[in-house]
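Visitor: Hey, got a minute to walk me through this one?
Guide: Sure, let me pull it up.

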Amino acid sequence: MTSTDTAVSGEQGVGRLVLAGTPMGQPGDASPRLREALASADIVAAEDTRRARSLASSLDVEITGQLLSYYDQVEAARTPGLIEAIHSGSTVLLVTDAGMPSVSDPGYRLVVACAEADLPMTCLPGPSAVTTALALSAMPSERFCFDGFAPRKPGQRQDWLAELRTQPRTVVFFESPHRLAQTLADAAVVLGPDRRAAVCRELTKTYEEVRRGGLAELADWAANGVKGEITVVIAGAPAVDDTVELTDVVARAQELAESGVRLKDASAQAAAGTPFSRRDVYQAVLEARSDNQ
């Protein structure tokens, strides 16, 4: 029997890991298989045991197995014990506060450890903020990438956005409410103020909201303060115009700079949709200014 076969059926004397997607806000989104798993698992490893109990209660399910916490700070310490439990024949159900375990949530360490030990694993499909936001964004979804959480530090965030400047795929990522406005403002500078995007807030919950528009427009909106769980979707880069000349891009950057835009920001805006980087344009503007002195 192959490892793929055992991941579904299990082997006598060997337990398995079950990853289960949980509702993002509406208990009614829980699948019948999740209800059954909560009631029958030998161990329920939960990001927050209180929320796991609350979910089970709302589903009229009793957790009869051992309930233990499994969050970021204890993953490394608790993974070996869970692996041993699976070796011994236990079914371990892994759930997070919302969505799919191991997707920007606890669980990756345990999945890797199970794979390395060739232990059976399976997944109960469920809600995902990534695909829900993508579906609601009105952005192309044939090809997309998920980038987890946007970098917190300004320099790292700028570098990350620079990588997206020529990314043709739609990009989905998470962001905290108090950093959203700055991230959108940075994105407007690096990717261009009119690059299409959508901010999806409190998906599936009572105050669900989806805002669509250009990055600069969304940054202005977010500056007033935003609350809740945030997922951002940004359209892929437009096709690069290989016929554009650097001199034309430099001229555009100089126009923006003369209108009051900071030169680095002007260079980024002018470079958007061209084969030239922000640094290329910035350096060319400095050289042009030096030649004109």
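Guide: We can talk through the overall build, a sheet, a helix and the pockets.

Visitor: What should I know before I trust any numbers?
Guide: This is a predicted model, where local features need pLDDT of at least 70, side-chain atom pairs count only at pLDDT 80 or more, and totals for chains, interfaces and linings use all residues. Residues are numbered from 1 along each chain as its sequence is written, and side-chain values use heavy atoms, with hydrogens and water left out.

Visitor: OK, how many helices and strands does the protein chain have?
Guide: There are 12 helices and 10 strands. Those are DSSP runs numbered from the N terminus, helices being H or I with at least four residues and strands E with at least two. The C-alpha atoms fill a box of roughly 80 × 40 × 35 Å along the principal axes.

Visitor: And how much of the chain counts as buried?
Guide: 46% of the 293 residues. Buried means under 20% relative accessible area, exposed is over 50% and partly exposed is in between, with a 1.4 Å probe and protein chains only.

Visitor: Tell me about the five-strand sheet: what's the strand order?
Guide: The order is β6-β7-β10-β8-β9, in an open sheet with mixed pairing. Two strands pair if DSSP finds at least two bridges between them.

Visitor: Which strands stand at the edges?
Guide: β6 (144-149) and β9 (209-214); each has a single partner strand, so one side of each lacks a neighbour in the sheet. From one strand to the next the twist averages 15°. Axes there are lines fitted to C-alpha atoms, for helices over the stretch in contact, and angles run from 0 to 180 degrees between N-to-C directions.

Visitor: In what sense do β6 and β7 pair?
Guide: Parallel, over four bridges. F144 sits opposite T170 in β7, and F146 faces V172 in that strand.

Visitor: Is β7 covered on one face or both?
Guide: Both: T170, V172 and F174 are buried on one side, and V171, F173 and E175 are buried on the other. Six of the six residues of β7 are buried, so the strand is largely enclosed by the rest of the structure.

Visitor: Switching to helices: which residues of α2 are buried?
Guide: In α2 (residues 32-40), L34, A37 and L38 are. They span an arc of only 100° around the axis, which puts them on the same side of α2; the arc is that of the directions from the helix axis to the C-beta atoms. The face turned away from that buried side carries the exposed P32, E36 and S40.

Visitor: Now the fun part. What's the volume of the largest pocket?
Guide: About 550 Å³. A pocket here is an open set of points on a 1 Å grid over the protein atoms alone, where a 1.4 Å probe fits, with protein on both sides within 12 Å along at least five of seven lines; lining residues have an atom within 4 Å of a point. Points are joined across faces, edges and corners, and the volume is the space filled by probe spheres set on them.

Visitor: What lines the largest pocket?
Guide: 25 residues, with A98, D105, A129, F174 and E229 nearest the centre. α6 (129-137), β7 (170-175) and β10 (230-234) each supply at least two of the lining residues.

Visitor: And the second largest pocket, which helix gives most to its lining?
Guide: α3 (residues 49-58), with five residues. That pocket is about 250 Å³ and has 19 lining residues, including T22, P23, R51, L55 and D97 nearest its centre.
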